Each structure stands twice: as C-alpha cells, then as structure tokens.
Amino acid sequence: MERDVLHLSIPAFPIELARVSDLSLRGRPVAVAPGNSERALLQCVSAEARAEGILEGMPLFRARRICPSLVLLTPDPELVAKGMQALLELSGQYTPVWEPTTPGRLFLDLTGGRMLFGPGRDVAARLEREIDGRLRLAGSVGVAGNKLISRIAAGYLRRPGVCDILRGSERSFIAPLPVAVLPGVGNARESVLLQDLNLRRVEEVAALSVPQLRLAFGPFAPLLHQRSQGIDPSPVQPPRRSPEVAEESFLGQEETDDALLLAELCRLVEGCGLRLRQLGQATRRLVLTLTYADGVTEQGTASLDTSLSHDLALFAAVEELYYKTCRRRVRLRGMRLVCDRLTARSGQLDLFATAPTLSPHAEALQDSLDQLRTKYGMATVRWGRSIGNA
Amino acid sequence: MSAFTHLHVHSTFSPQWGVRSLEDICGAARVMGMTRLALTDRNGLYGIPHFLEAAREAGVAPIIGAEAVTPEQRAVLLTRDETGYANLCRLLSDLHCRTGFDLPRAISEYRGGLFVLSDDPSVLGPLRRHSDEDLYVELSPGHQMHQALALARELRLPTVATSRALLLDPEDFELHRVVRAIALNTKLSRLRPEETAKEGDQMVSPQRLADFFPHCPEALENAGRIAGACKTDWDFSETIFPAFRGMAEAEAFAELSRRALEGAIWRYGGIDETVEARLQKELVMIRDKGFAHYFLVVEEIARQSPRTCGRGSAAASLVAYCLGITHVDPIKHNLFFERFLNPGRVDPPDIDIDFPWDERDAVLDFAFARYGARRAAMVANQIGFKGRSALREVAKVYGMPDGEIKAVTERISGYCKADQTARAVEGHPLFQGEKLSEDWQAILRISQKLSGHLRHLSLHCGGLIVVPDEIRRYVPVEVSAKGLPVIQWEKDQAEAAGLVKIDILGNRSLAVIRDAMAAAKKNTGVEIDYASWCPLEDERTRQLLCSGETMGCFYIESPATRQLLKRMWTGNPRAAECDLFEHLVIASSIIRPAANAFILEFVARMRGKAWRSLHPLLDDVLAETYGIAVYQEQITQMAMALAGFSAFEGDQLRKIISKKHKEKKLADYRQMFLVGGQQRGVPVETLEEVWSQILSFAGYSFCKPHSASYALVSCKSAFLKANHPAEFMAAVISNQGGYYSPFAYLSEARRMGLTILPPDINESVWPYAGEGRTVRVGLMQVEGLARKAAEALLREREKGGSYSSFDEFLRRVAIDPADAKRLVKAGCFDGLDKKERRPALQWELLRFHHHFDRQGSGLLFEEPAAELPAPSAYDDRTVLRQEVETLGMLISCHPLLLHRRELAKLKPVPAARMGEWVGRYITMIGWWVTGKTVQARDDRPMEFVTFEDTTAIFDATFFPQAYERFCRKLSRSRPYLLKGKVEEEYGVATLTVEWVGFVDGGPEKG
C-alpha cells in the first residue's frame, strides 16, 4: 500500500513560541542559548538571525560579533513542553501513529486514512490552518511516501505551506538540493567533510558508490548512499513510555539558597510519594533535573538499593542526590524529579533483608497523611521542611 | 603592668580571609587607646612593610607576627626580635614550599625569638615537652575557652587572651562570609561553620574583652606582657645589595672600575677627558653608595644576550653604558647621572633590562643557576580585586548567571577600583534606563567593600631579587606556578624593605630586530654590529621616522604616535634646526593619557610658535622641552625651582604621582607646593596650572634616560624597516604581540610595495620569511597546525629535499590527517598541484588513511578498492572561505576587494586622497584595524578608530555623540561605510565620523 507520511515542522519552535506572547521579538534576530558563558552554543536561531549569518551551534561570542543587535533568549523547557503538547493534541485527531522528533517537529503516518480524511495533502493543509488559527504558529508540512522525503519537503518551502512530493519522484526531487538536507549530514563534522570534498548537491553524493563513500564516512556510508537515493524504509514510531512518576516545579523567583531549594524539593517528593503510594508502587531510581537561571540543565541519577515510597526515606535519598547534582552556584529556575524503575510496593521481600524497614508508627503516620491529602488536598498537611526557613 | 594588646589580628593581607584594611585596623586600635598592635595575617607577612607604615602614621607600635594554619593545626607566632623575624620568615617559607610540612616540628626547629600562641593540643603538646618558654595557650571568646583553659592547666602553661580580631564592626561578618564563599567557590548557604571565622571575632576594646575573662585575668595581663617583650622599632630601610661572586666590597669596586675602563675603550675607542671625568665621578658615587656589586651582577646577567635594552634611569649612567647594560651614549645625549644616583637619594634605584621575549626564561634560569634559590627569588604580584572582578565574584556567590553579570560589568572600565563601581554602573550610554534589582544593589554594596583584599600571589613579570646570604631571612618565599621561588611582597613593599630588584623583562621588538638582522645577513650578507650601530646616520631611516610610517617599529607604531610624528615633521619650517633623536625622545615620552592638550601645544611650539614657560623660574628646567613638562624627573625639578622643594622632597613627590592613589599624601604635597611657591612670589594661578601639569603625569610617565633608551630601539627598528623591509615585516609578524593584528601588518607590507606569497609546502618555514620584495607566509599562520607536525615536515624536507607530490608527502611524513587537511586547505600544495585539485587531494588523503585504518579488521564481504572520484574544483568563494578558515584572514587579496561592485556604486573617497577634502563631508570605506576608547572631557566615552581601505590607512574619531549612537555597530570584521567631515591639523587629516553603515548589509538606520 502507498504510504502517506506527513512531516510537520515549525522552524525555530522555541523562538516562535516566545513570540506568541512577546510581540517585540517579532521581526528581529533572535537566538536561544544558555547564558552561562560567552562560549555557550546557540541552540536555536530565528530566520532573521540566520539571514545575518548566524547558525545553530555557533558560540555566543561569535554570534554577537556578527550581529550586535541579536536578541538572546535562554531556553525555556516549560514553554516548549507546553507547545509540543498542544501540537500533539491537534495532530492526534488525524492519526494515532505520530512521532515527535525534536521540539517543533513531528511525523504523522496517515497510511490507510484516505477514506476517512481524504488525501494527505488535504490533511496537511487543514493541519497547517489549525495550527495557525489555534496556536498562532506558522509551520510547514511535507507530504511524501517516506519519512526522509516528507521531512525534506517540509524544509523545502521558504514560507509556511504544504509541499506534496509525488511518489516515485523522490530521487529527482532531492537531487538538486544541497547535501545538508540529508539527515546525518547536518552536523558540523560531516558537513565540513562534504565541503572539503566539494560535494554540494545530493546528486553528487548519489553518484558515488558505497566504497567511495566509505572512505569518507566509514560505517555511515551505506545509509548515506540509501538516503541520497531518496530511500527511507523506517516506520513512524510513536514514543514508548515507561512507567514513571514525575513532579516538576518552576520557582517563582530564581533561587540559590539551599534551604529554600530543599524545601521546594520536599514538596516535589511529597507529590511523587503520594502518587507512588496511590499506585501501590515504589521506586528504585531517582532522576533529578535542575534548570539554572542561565538555561543550563544538569541531571543527576541515583539508583536505590531498596525500593522506596515513603516520604521521609525518599526525601533523604533526594537530598543526597541534590547535593551531588547541584554543583554550580548559579540560581535555579526549575527542578524536576522523576521516580522510575517502579516495583510493586508490597512485593516479594528479601529473605536476608538488611535494610531497616520502617517502623509501624511511621507507616501509620504516612497512611493518615495520605488519607488527609487525598481528601482535602496536598496543602492540608505538610512536612515542616517543605516550608523552608525564609 | 603593661596594658592589654591585641596579639591576633587579621587584615586584608590574610589571603581570602581578612576583611579590613591596615589603615582601618591601626586607626581602630588607636581609637581604643592602644599603644601597640600585632599583625598576624594567615601564613604570611604579605603586608608587613605597609603595616609598619600604617602603624607609624596611626601612632601605634607595630608587632610583627603571623598565624600559621595548616589543614589540621594552627598557631599564632609573634616575633620577639630580629632572630624571631628571620625564623618566622623561614618557617612560613617552609609552610609554603615543603611537602609534608609539620607545624610543631617546624616551630621547634625555628623557635628562637618567637612567642607561640595556640589552643591546639597537637601543637602545644610536643612543644611543651621540649620547653615551656614563650609558649602560651590562646584563649578567645567563642572558641571553646573552657577546653583551652583545661589544656593550660593540664600542660601547666600560661594563658593569653586574644579576640582573633578579624572584624571591626559586626557588619564585616557578611563580607567575610562572601570572601570565604569566593575562596571556596561555593555559595553562602553551603558554607560550613568551620570554613569561616566566628561572628564574634572582632576587635573590641580591652574593657569589653575583659568581660569575657573574669575567671582568668592573667590572660589579659599576659597579652600586655608579651606585647611589651616584642620588638616594635622595626627599621627596614637599610638596602640589601646582592654580592658578586663572594667578593669583598673593595674587591668588587676594583673589578667594576677595571671593567668600566675597558668598556669605555670599547665604546669610544679611547678615553678622553670628558669620559674620564664622568667615569670617575660616577664610580665615586657608586662606591659611596655601595652599588658596585649590584652593577657587576646586572652586567653579568645582561651579558647573557647580545641584544638587550637597559632602560629606566640607569640609562643615564656612563658606567652602565660602558658595561654594555645600556646602549644610549649619555654624554652625547645629555643624560645626567644625577637622575640615576645622587647623594640625596635614599631608596635604591633599580636597573631594568629588556631581553628578547623568547630569551627571557633562559636568562632567569641562568640567574637562578648562578645564585640558587637560597639567594634569589622573584618579586610577586599581589592579586586582589578590582572593580569588575569584585563585582563578578560577589555576583557569582549570589548565584547570578554569567550573562547577567556581564551585562553589568561591561559598564565598568577595567581600571576602575572596587569602590568606584557603583558610580560607574550608573549612566553608561550602552545601558540606559535600567533599574537595578535589589539583589544587584546588595551585590554592589558588598563588592564596593572589596578593595585591596589579597586573593593570591602571582609572578611579577621580571623582578628578580638577589641577596648576599639567605633570602628566607628577609621575607617568606613561596613557589610560583612556574616553579620559581617568589617572595610574598610586590615591588613597592620589596623596595620599602630595602630589597633591590633587577627587572628582567621580555621585549618582542628586540627579538624582531634580532630576527630581521639575521634574515638580512642571510639574504644580503649585510652584517650590522649591534653595539656600535647608529641608525640615524641613515637618510632613509630619518625619512621614515619623519613621515610617521612607523607601523611595526618599537614603541612608536600606535596611531597616536604616528600622527604625532607626522605633525611634528610634515612641512615643519624648523625641521632643520630640530635634532631628530632628541625630538623622538620627547615624542615617545609625551604620548600618555591626559596629555592631549600638551601634545598639540608641543607640536605648535616645535613648529615655531612663540612660547614662554609658565614662570621664569621654570625656564631652565623646561628649556629642552619647549616649556612643557615631558619627563618624569621634571616634576622634581619643577618643584625644586618653583616651590623650593629639596631634592629629596621633589623625588618623593615624583614617586607619589607616578604610583597612583595616595590621595592624602598628595594633598599634603600640594599644600607644600602652593605655600613654597607663594613664598617665592609665584602667582597662585601659575602654581595651579603647573600643578595640573604635574598631575597629568599620574600613573604613566617616563624619565628621559628611559625614553632615550627606547627611542634608540625605535630607531633601530626604523632602520630595518627602511632598509630591509621584507625581512623586518616578516619578523614583526612572526614575533607576534605587536600593536596591530597580523592582518594589519600584511596590509602595511602591501602598501610598502611588498608581495605577500601564500604558504607553500616547499618554500614556507615556521615563521614568516622575508626576502627581497616578498614576504612568505609561514606555517605558523595555519591555524590549528601542530608545531610538531610542522617541525617534522620541515625536518624531512631538509633531509630528503623538496616534496614532489602530495602522495609522496604523505608517504614521507607521518602526519595527522587533520593537519594534512589543514595544509591542503591553506593552499600549501597549490604549488605542486593546481588549486583546482584541492578536492581531489582531500580524496587522496582519505584513501591513504583508509588504507591504514583498514589493516586491523576487514569487511565480511570485501568491497573492491574504490576508485577515486574526480571532483570538480572549488568555486572562488569556497577557496576564500578556506583561506579565512585556515589562515585566520584573507591573504590572497584585501577583503574590501570582494565588495568591489558595491563599493564602486558608493563612490567613496580613497584614503590616500583624503587630504584633498579637508573641511568637507565625504563618504569613505573602512576596514577596521584598531580602536581605542577613551573618556572625553565630560567623562563620556568616545573612540579613536583606525581604518584602512585598499589605498591607505586612516584615523577616524567617534566623538561621544557619534560613539553613543554607533558603538554597538563597531563589531570589527566587516567593511564599514563611513560618512563624516575631514579635519586637518598640522598636515594630518582625520575623519570625524557622523554616520556608520555596513557595505555588505546595505545602509541601515542608525
């Protein structure tokens, strides 16, 4: 059966999202980079900045030199996550088979949905209109017989719109395009290689044999050869989910004081703990992600010897993890705590258990707290340490 | 009974610990009615000479001490006498230099003349076993007094009360915590209590302290008793000279006399009366002052390189000239020996010698090999906080992100002191209309207090100290990161303590001269004798200097100096009367900040404007400089002539002026100057005017002998530039570190009519090479090329001859593929293969290395050996881009040529013809060369920028209004479109810019 793959792309997604609320950013060169150092690399660049010669991955100081009027945003993972969620909700109406790639990019597999929604091109047009109308975001949509071509097609248009590639004409479509459209060539090293070897258009790569390509690209050669012919058999794969409990918090005011941060962390632990116990689960691994004021994120992981679900035990483990992870002095903007590797709470006990189990009193206290919180809300009863000393 | 004295006191010279300045502490002690005060900074005597002075001013008797702190143990050590001081210096040196340092063992080794105070049983126990003499248990409120008291009873030792005074006010504790957080690279909430002092470690009055010791009043009395027993009349003023080869005084003097006479014959060919008389006069003075050893030591060091430049006031000495330490003939150029040594001068003048920058380390090695680390050490720089660093460090402690910190610190000049930051942050045109948050206000408030707080030592660039016996007797010694021994004092304190320093400095221009001379000899066979070289006898050199075409020449290449030279000589009716060298000396001295008005006046007078000095009394003093004070020693002379200062007072004034700060002393001298002048009947207005001239010397000025020394080096560079242009420009670029970028020097070379040749695998060597009318780019310019790889390929070329093809090159030289790729992209193989074959070479390189990589494991289904594709040639833009990428700049042509078409439409005035448009508004094209931001009269920033187009280099001025509007646009690597008015002064045309745009981006709104 002929495949219908859509690629939805909103260029410079984080910047476009910021522009929705901040009109002053429109029409000006904008870039996103963590603000921790002049050597920080740009993560995202608006079209206006690109026109000035600024590229993603360029160090900040160089970008500033090229374009002194560059407006700089620090990464806002909260906003991006919200935006992505909204995109998924809109596209979810058309197919259950979707695959988000990077923020602002999404594959949809509409194969077999023609009877329901009409040809892919129509769905693409409708989707684009909806995104513009509902989210105020301008995107372009590529429609083709495979992921590779639909993605290239989406990037082919200069302006927002729909680009539908005739099945069978994939190779001739990409032949005259610059090699950078091929996935895997975008990254700096390989693009330099292609520049050095003077391979500029896809057809020039397509004309080379695999052994020739192997000289330059090693193991990547067969894949590159396939891609340069416009072939891509990979399916659209919805993300797999593993069970986890997560809580996150974006601080009202950026903070550096350990006492206050631990108080906030305690609130995250309470949230996670309650959810774990409601599910009858306990966690064997904690992942703490810290977002600093300058957009840098740090992640720390702690594998636990015994599975935990009790607030105080969890908090002790999280506190240790916090000190291990939070090594910079810069103020924190947000924290996210994930409890995964879940196991049943009242599972099989270890025959030769060495870890001290909780006293019945503590268990009872936790149970009562949970009951109160479930009934009257989290704010009813709190641990003192979650209030902080400020 | 003696009164209580604080015996444990920390100042800002406790690195990363102390908070209050010596002046504050001595003042506070005085207010409390103390007559004595000890300073016990941590692990060092970092501020002792300053302390002695501050204590004297406050009227407190100083006691020298230190707190020795190791990770495990601590003790306060106070010096009872000279022996104790020497022992303390040795102990502290050991603490810093010796691995496995053990405090109790060290104390027992160096115990003579020291009082030991501690509350640490592991220190007191072992010492007590030996003897209980001068051993005390330290009792301090807030530091587990009861345990210490129990320890005293157990060991049967007397107690002594201290307050471990660190703070003067309770608010200082906040600053202390910030200082600690900066030191430990942590944040306030994560500072552990044991990492900071206690909140009560404050200097309190004896009465308040007595409240803590109702149970052992003897502790207070003992403090007074110890203080009474310590030496307080310290005198560091005696000069400590090095000893030359263990000679006795008379022997050394005889040796010096002999060498000086020999040298005179060498310099002059024979000794006439003038020389003889001058030599005798100098030698007598040297003998009386005990300088003979010092001269011999310096001579021996200077002899290590054939090309040196002795500078500073020593250039006024004929003995130094005869010994070959300096190279300017002091008799010929009227340099008076009294400027170097005179009977009234109490402090030792030091001799500075410049060596070629790449030979300096070897010279230092020689000095240490000769005198050993026992007798020699380097002078330190004491690194503290300045405005920007204080703000940045405090802001980091408060968790501010870097970008935000930068936004604020950018407003502050790098020269700002910490206490000026707040004012500097307000009202900078780059950031108008912003309100600082509360956090930032707190940061500013705290960082203002951070001034002069010692963080760590670093190595002074060249100050070497040699003593006759043991350096660790005089000052504690640490080890620098480079492994050299370094004393704990910076140059001012070293001088105050009588230590004579020899400055061994690196100078790039001496290396330039060396390399250019060597290249000239190789290419043309012309050899120049450095010692007897008179560059100004050459007419071409004279013309070059007068025309101001001195880019690349030592010390006179900055745009300001080049303009000055042009103004001095272009169309000057008096040109024939003026001695070129004398005027060069004036020119290189008068260029200094805050002297702009004087410079124009000087040019006018030189060109024949009638002038009178400010007062007839100054006529003699200022005659040689057109009635304008130019040289540093003229401060002394003016003060003597006009206000009746003694030679000593005049010299003090000169020193204070040239050393910045010292506001208070300066005010005293000003008063003295005004009063003295009025007594001689000089009108107040004249005195004020002269005083303002004197002040313009602040921070940056030279004496005439120094300038003459430098001017001679300038002339030598100019000679080489005029006579061996290719060799000279190649040496300038190769030695790096000139005032301009390599790109600017290459443009200059083109303007001089030289051809720039691209790097070539068979022609280039590592540095740039000049020959005839060509300059060949060296392999050093290939960015990222490993020095080792370049050396390997050069070695192989020398051994096996030129490379005949790329393939052969790969087989002969084992080179990293990345380096080979760089060479290809830099065009090094264009001479062997055509430029069009560069992509093909890249394929060859891949195949060559693929072949190697594949020898380990193969594919299951062996592929046939790949035939190499035949790629098309790079287009022109790619070639240019590769050039910029690998060489860091365009070498094949001027970047402005790439914009030829746009430029033609704009019809700009070429820079070479700027002079024809004086007083009119024109459009010009400029490629940014260099810029200098200065403060205009009203403190607003403005900038002098030098641009070039393909015809010439020219200077443009951005006055405050234009600077405010366009400073954000001046981002360097682009061609600029400039509109403004041409102004001319004494034959030099400059552009006063009123509008700036980009050539490549089309005109933008300003």
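**Exercise 1. Is B:Asn334 buried or exposed?**

Solution. The model is a predicted one.

- Step 1: locate the residue. B:Asn334 sits in the loop between H13 and E8 of chain B.
- Step 2: take the neighbour count. B:Asn334 has 11 other C-beta atoms within 10 Å.
- Step 3: apply the cut-off. A residue with 12 or fewer such atoms is exposed, so B:Asn334 is exposed.
- Step 4: check the backbone. B:Asn334 is not a glycine, yet its phi is positive, at about 55 degrees.

**Exercise 2. Place B:Pro343 in the chain and in space, and classify its exposure.**

Solution.

- Step 1: B:Pro343 lies in the loop between helix H13 (318-322) and strand E8 (351-356) of chain B.
- Step 2: count its neighbours. There are 10 other C-beta atoms within 10 Å, so B:Pro343 is exposed.
- Step 3: look along the chain. B:Ala647 is 304 residues apart from B:Pro343, but their C-alpha atoms are separated by 9.7 Å.

**Exercise 3. Describe the fold of chain B as a whole, and explain why its radius of gyration counts as compact.**

Solution.

- Step 1: count the elements. Chain B has 39 helices and 21 strands.
- Step 2: compare with the globule rule. The rule gives 30 Å for 1006 residues; the radius of gyration of chain B is 33 Å. These values are close, so chain B is as compact as a globular protein of that length.
- Step 3: add the extents. The C-alpha trace of chain B spans about 95 × 95 × 65 Å along its principal axes.
- Step 4: add burial. Of the 1006 residues, 46% count as buried.
- Step 5: add contact range. Take the contacts in chain B between residues at least 6 apart in sequence; 69% of them join residues at least 24 apart.

**Exercise 4. Give the corresponding figures for chain A.**

Solution.

- Step 1: chain A holds 15 helices and 12 strands.
- Step 2: its C-alpha trace spans about 75 × 50 × 45 Å along the principal axes.
- Step 3: chain A has 390 residues, and 38% of them are buried.
- Step 4: of the contacts in chain A with a separation of 6 or more, 61% link residues 24 or more positions apart.

**Exercise 5. Characterise the packing of H1(B) and H2(B).**

Solution. Two numbers are needed: packed helices are described by the angle and the distance between their axes.

- Step 1: define the pair. H1 covers residues 22-31 of chain B, and H2 covers residues 48-58 of chain B.
- Step 2: read the geometry. The axes come within 9 Å and cross at roughly 35 degrees. The crossing of H1(B) and H2(B) is right-handed.
- Step 3: list the residues. H1(B) contributes B:Leu22, B:Glu23, B:Cys26, B:Gly27 and B:Arg30. H2(B) contributes B:His50, B:Phe51, B:Ala54, B:Ala55 and B:Ala58.
- Step 4: sort by class. The contact has six nonpolar, two polar and two charged residues.

**Exercise 6. Which residues of helix H24 of chain B are buried, and why do they line one face?**

Solution.

- Step 1: in H24 (residues 596-606), B:Ile599, B:Phe602, B:Val603 and B:Met606 are buried.
- Step 2: view H24(B) down its axis. The buried residues fall within an arc of 95 degrees, so they line one face of the helix.
- Step 3: find the partners. The buried residues of H24(B) pack against helix H22 (559-569) and helix H23 (580-590) of chain B.
- Step 4: go just past the helix. B:Gly608 has a positive phi of about 110 degrees.

**Exercise 7. Analyse the contact between chains A and B from the side of chain A.**

Solution.

- Step 1: count residues. Chain A supplies 26 and chain B supplies 32.
- Step 2: name the elements of chain A that give two or more residues. They are helix H9 (188-196), helix H11 (210-217) and helix H13 (258-279).
- Step 3: find the top contributor. H11(A) gives the most, with four residues.
- Step 4: sort by class. The side of chain A that touches chain B has 10 nonpolar, nine polar and seven charged residues.

**Exercise 8. Trace the surroundings of A:Thr283, then turn to A:Arg341.**

Solution.

- Step 1: A:Thr283 is in strand E10 (residues 281-292) of chain A.
- Step 2: A:Thr283 has 24 C-beta neighbours inside 10 Å, so A:Thr283 counts as buried.
- Step 3: beyond four places in sequence, its contacts include A:Leu276, A:Ser307, A:Cys339 and A:Arg341.
- Step 4: A:Arg341 is in strand E12 (residues 332-344) of chain A. With 17 other C-beta atoms within 10 Å, A:Arg341 is partly exposed.
- Step 5: A:Arg341 is not a glycine but has a positive phi of about 50 degrees.

Notes:
Residues numbered from 1 in each chain as written. Chains lettered and ligands numbered in written order. Predicted model: local features only at pLDDT ≥ 70, side-chain atom pairs only at ≥ 80, totals over all residues. Rg over C-alpha atoms; globule rule 2.2 N^0.38 Å. Buried ≥ 20, exposed ≤ 12 C-beta atoms within 10 Å, placed from the backbone. Contact = placed C-beta atoms within 7 Å. Axes fitted to C-alpha atoms, helices over the stretch in contact; angles between N-to-C directions. Left-handed = near helix turned anticlockwise from the far one by under 90°. Nonpolar A, V, L, I, M, F, W, Y, C, P; charged D, E, K, R; others polar. Arc of directions from axis to C-beta.
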